[in-house]
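Colleague: I should be grateful for a close look at one part of this model, namely the surroundings of the ligand in the second chain. Please relate that site to the fold around it.

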Amino acid sequence: MDQFTNWVDNRHEYAKEWKKRTGGKVVGCLCTYVPEEILYAADILPIRIFGGHEPSSVVEPHILGMFCPFCRDTLAQGLEGKYDYLDGIVLAQSCLHMRQTFWSWKKHVPIDFTYYLPMPHCNQAVGQNDYLRGEYVLFKEAVEKWVGQPITTEALDRGIDIMNTNRKLCKQVYEFRKARKPALTGLEAMELVLSGQMVDKREHNEVIKSWLTELPGRELKREVGTRLMIVGSEDDDREFVQMVEGKLAFPATFVVEDHCTGARYFWDELVLQEDRLLAIAARYMDRVPCPSKDWPERKRFDFIFDMAKEYKVEAAVLMQQKFCDPHELDMPSLTQAFKDHNIPTYLLEFDVTVPAGQFRIRMEAFLETLVDFV
Amino acid sequence: MTTVANKTLYPTEPLKSWNEAKYLRAKYYEDFLKAPERGGLRVSGSGTMYFALLGGLGKDVHTLTGEPYAATCAFYQDFSTECMEAVEKAGIARDLCGYLRNYWGGVLLDKYILTDGTVVSPWPRPDLFFTSHYCCTHAKWYQWCREAEGNLPMYGIDVPWHPFDHEPTKERLEYIVQQSLGAIEWMEKLTGRKYDDELLVEAINTEARSSYLWGETCVLNKAIPAPLDEKTMFSLYVFNTLCPHLKEVADFYERLRDEVAERVQRGIAAWPNERFRYITDSQPPWAFLHIFRHLERTYGAVSVGSVYSYGLQVNWDFDEEGSFVPAKTPEMLGVKMDTREDAVRAYVNFKLKNGILCRFYDSEVTSDQMMKIVKNWKAQAVLIHLNRGCEGTAIGQMENRLDLMKAGIPVLAFEGNMGDYREFDVQRTMSRIETFFEALGIQRIET
Ligand code: SF4
Ligand code: SF4
């Protein structure tokens with residue numbers, strides 16, 4: 001869908017234009033745990049801060065080289081002024097690495113509003129929702145003070161509705177990936193989800209709705225090949241997906257994924273409760289978790305293998321962002337779990353600032369082994 | 001380069017408590033090993049755990065805390081290499097926590113090391129895992145272990161916020177209180193033991209006492225000459241991460257505090273040629289502790305401590321001048337602990353005053369702590385170990401470095417790994433430190 005591609009390619013222009021058009025504030029979100037519902041309720045546009053996929057040395061004095069390339073790349077964007085139109089940034093506490101980005105951004109990039117939102121590290125702890133609700137009360141107060149107006153229950157309902165509608169629509173699109181011949185490629189799905197984190201979801205929703213009218217009869221003139229799943233760290237590497245789906249000797253299609261720039265971002269809808277902040281808290285605690293929050297039981301694995309079954313996944317690419325501890329910590333058990341499910345895996349350690357071309361031969365070799373296998 | 005005569009400036013003498021510390025440490029690891037023979041329980045988890053909550057289960061509960069155990073492994077290079085290789089062979093990432101890889105290696109090899117370097121097999125499987133979680137690695141470490149060791153039970157206390165110098169909001173406090181009360185119920189059910197609330201209160205008071213006494217000992221190190229050097233402190237602070245809730249530990253800390261106070265009174269130095277005081281940051285590269293001795297001998301440069309060795313499992317407050325003082329224990333404050341809930345609430349409140357754990361949530365607090373230590377402990381420089389083995393303590397270090405520089409405090413940062421000696425270039429680091437010292441005008445001592 002061209003509009004999604006366009007948005008991803010021109011995300012900064014879009015945000016600047018949105019500001020001009022609406023007079024509203026734009027807030028950059030570090031991590032998908034930021035409760036965007038509250039920002040929409042305050043008529044703020046939340047967008048996710050992504051990297052630029054270019055090596056940069058500006059972060060060297062700020063973040064040690066052993067921290068993940070994604071957190072370094074996002075900070076580089078800030079230090080280089082690529083997000084100079086942001087009015088604020090918010091970090092919802094997830095991994096240690098992102099915290100560094102937040103602190104350095106707060107300290108070195110002039111910006112009106114910064115908020116560190118503490119939240120549980122665990123998705124199975126006693127009292128987690130009540131605790132998170134308490135943090136939302138403080139966050140909401142800070143936002144109200146900043147924008148100079150109260151966030152009413154009606155406004156929260158509006159925020160919830162925008163987010164839930166987007167989630168529902170994305171899930172409807174994902175239904176079309178289940179088919180024997182998926183109606184969309186992995187790249188298109190990636191751009192759908194990525195663009196949703198870059199633009200006003202109300203506009204995004206309208207474009208999805210119109211796409212949904214086309215998808216039922218859509219037939220792609222390409223071979224599906226091996227049905228692949230990506231599991232891993234943050235992943236907005238369009239170049240890699242495009243290469244695997246279109247430029248290798250063996251055909252393949254990414255039919256589903258588990259990462260925070262894909263299905264994990266939108267999969268779970270919010271269930272309304274009388275106490276809106278508690279409802280939002282429950283949504284973020286019950287969603288498919290980031291591995292950093294998934295303990296002592298492994299709830300994420302249930303999601304991964306349910307998806308693998310539903311989308312008839314034949315093999316999985318484990319995309320390990322270099323130095324990403326939360327994912328590395330899951331990797332031994334995850335690889336074993338894939339073995340137990342008889343799904344072959346291939347582990348790729350990648351670095352967002354390194355071109356995807358280096359994986360070509362390895363991916364081809366992997367796909368070749370699967371030709372006999374699947 | 002100018003040299004100065006090797007003149008002894010201060011009297012020195014060995015620390016009398018040293019042998020007791022050695023004995024206690026050896027006993028700790030052996031107690032864990034032998035717990036089942038004595039009908040006791042084995043519990044493993046992070047050295048940042050909420051120890052006192054185990055107190056109510058009885059006095060035969062023995063802990064093995066992952067980080068200090070792994071530091072012992074790291075000290076014995078041959079065993080550490082075996083562990084690292086086992087982990088790498090299993091496809092586990094080489095950039096994970098250096099401690100975790102030593103520990104997981106032992107599990108994979110089915111081998112356990114004692115403090116004197118004796119390696120025994122099999123690996124002593126714990127009865128349960130009980131941990132806290134601050135760093136991304138803490139609970140995930142034991143999640144893997146529980147699977148690898150046969151589906152063992154695990155409970156983790158999530159601490160998502162650490163105020164240090166702020167009062168916690170009701171929700172923040174309650175979250176940890178509720179999890180702690182949940183842990184007690186869980187343990188009771190799991191072990192079939194009756195949980196004893198009196199023993200809980202005793203353990204809380206003892207743990208708080210251990211913390212307070214070590215804090216007092218650190219404060220004594222403000223004296224010139226320093227009665228303790230940091231290399232020695234590494235073997236002393238550790239009990240607060242092993243079993244601070246045990247009476248033998250608190251009693252040891254009391255004797256140690258008294259001995260150190262007496263050293264200060266008599267002007268006894270850790271190092272007779274103390275001419276230059278510095279502080280460090282993060283865990284040291286354990287396989288290369290001799291660096292500290294080299295700097296003492298060559299420059300009379302003594303590390304008097306760090307946020308790490310003062311702050312790990314130790315709780316702090318401020319005095320009127322803004323300097324650190326050990327946080328008063330619930331007992332000293334006269335906090336009521338008549339019910340289990342009250343006791344747990346008092347304990348959590350106390351734990352939230354921890355000195356180092358706040359670095360996971362705010363790098364500026366750590367910079368501020370470093371500057372306060374430099375000022376109050378009269379240090380002249382900071383050596384930051386950019387620790388590739390611990391993302392938990394490496395977090396914020398680059399910003400800390402910038403903050404110190406901005407404050408005009410000489411700082412040198414060098415890379416290494418506390419748990420993996422292969423990632424530490426000792427020669428290069430030594431020559432960088434020497435260049436740094438010489439640039440600061442510190443004269444070599446003639447030998
Ligand atoms: S890729 Fe991993 S380490 Fe990096 S920000 Fe994401 S979860 Fe954190
Ligand atoms: S990374 Fe550091 S803080 Fe985290 S578990 Fe390992 S030693 Fe502890």
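Modeller: The account below begins with the requested site, continues with the nearby sequence elements, and closes with the other chain.

The model is a predicted one, and the description should be read accordingly. Ligand 2 sits in the largest pocket. Around ligand 2 stand twelve residues of chain B, given here in order of sequence: Glu67(B), Cys97(B), Tyr99(B), Cys135(B), Thr137(B), His138(B), Gln283(B), Phe360(B), Cys390(B), Glu391(B), Gly392(B) and Met418(B). Sorted by class, this shell comprises six nonpolar, four polar and two charged residues.

The fold of chain B includes an open sheet of four strands, whose order is β9-β8-β12-β13 and whose pairing is parallel. The edges of this sheet are formed by β9 (301-306) and β13 (411-416) of chain B, each of which has a pairing partner on one side only. From one strand to the next, the twist averages 30°. Within the sheet, β8 (residues 276-281) and β12 (residues 381-387) of chain B run parallel and are joined by four bridges. One pair of facing residues can be named here: Thr280(B) stands opposite Leu383(B), the latter in β12(B).

Two helices of chain B lie across these strands. Helix α17 (residues 397-406) of chain B crosses β8, β12 and β13 of chain B, and its direction makes about 165° with that of β12(B). Helix α18 (residues 426-439) of chain B lies across β8, β9, β12 and β13 of chain B, and runs at about 180° to β13(B).

Two peptide bonds elsewhere in chain B also deserve notice. Ser121(B) and Pro122(B) are joined by a cis peptide bond, with omega of about 5°; Pro122(B) belongs to the loop between β5 (119-120) and β6 (128-133) of chain B. A cis peptide bond likewise joins Ile224(B) and Pro225(B), with omega of about 0°. Pro225(B) is found in the loop between α8 (197-220) and α9 (230-237) of chain B.

Chain A offers a second site for reference. Which residues surround ligand 1? They are Cys68(A), Phe70(A), Cys95(A), His97(A), Met98(A), Ser233(A), Gln321(A) and Cys324(A). By class, the shell of ligand 1 has five nonpolar and three polar residues, and no charged residues. The space that ligand 1 takes is the largest cavity, whereas ligand 2 sits in the largest pocket.

Chain A also contains an open sheet of four strands, ordered β2-β1-β3-β4 and paired in parallel. Its edge strands are β2 (44-48) and β4 (113-117) of chain A, each pairing on one side only. The twist between one strand and the next averages 20°. Strand β1 (residues 25-30) of chain A runs parallel to β2(A), and five bridges join them. In this pairing, Val27(A) stands opposite Pro46(A) of β2(A). Helix α2 (residues 11-22) of chain A packs on the sheet, where it touches β1 and β2 of chain A, and its direction makes about 145° with that of β1(A).

A final backbone feature of chain A concerns Asn342(A), which has a positive phi of about 55° although it is not a glycine. Asn342(A) lies in the loop between α14 (325-340) and β8 (345-350) of chain A.

Terms used:
Residues numbered from 1 in each chain as written. Chains lettered and ligands numbered in written order. Predicted model: local features only at pLDDT ≥ 70, side-chain atom pairs only at ≥ 80, totals over all residues. Heavy atoms only, no water. Pairing = 2+ DSSP bridges. Axes fitted to C-alpha atoms, helices over the stretch in contact; angles between N-to-C directions. Contact = heavy atoms within 4.5 Å. Near = heavy atom within 4 Å. 1 Å grid on protein atoms, 1.4 Å probe; cavity = no way out; pocket = protein on both sides within 12 Å on 5 of 7 lines; lining within 4 Å. Sits in = over half its atoms within 2 Å of the grid points. Nonpolar A, V, L, I, M, F, W, Y, C, P; charged D, E, K, R; others polar.
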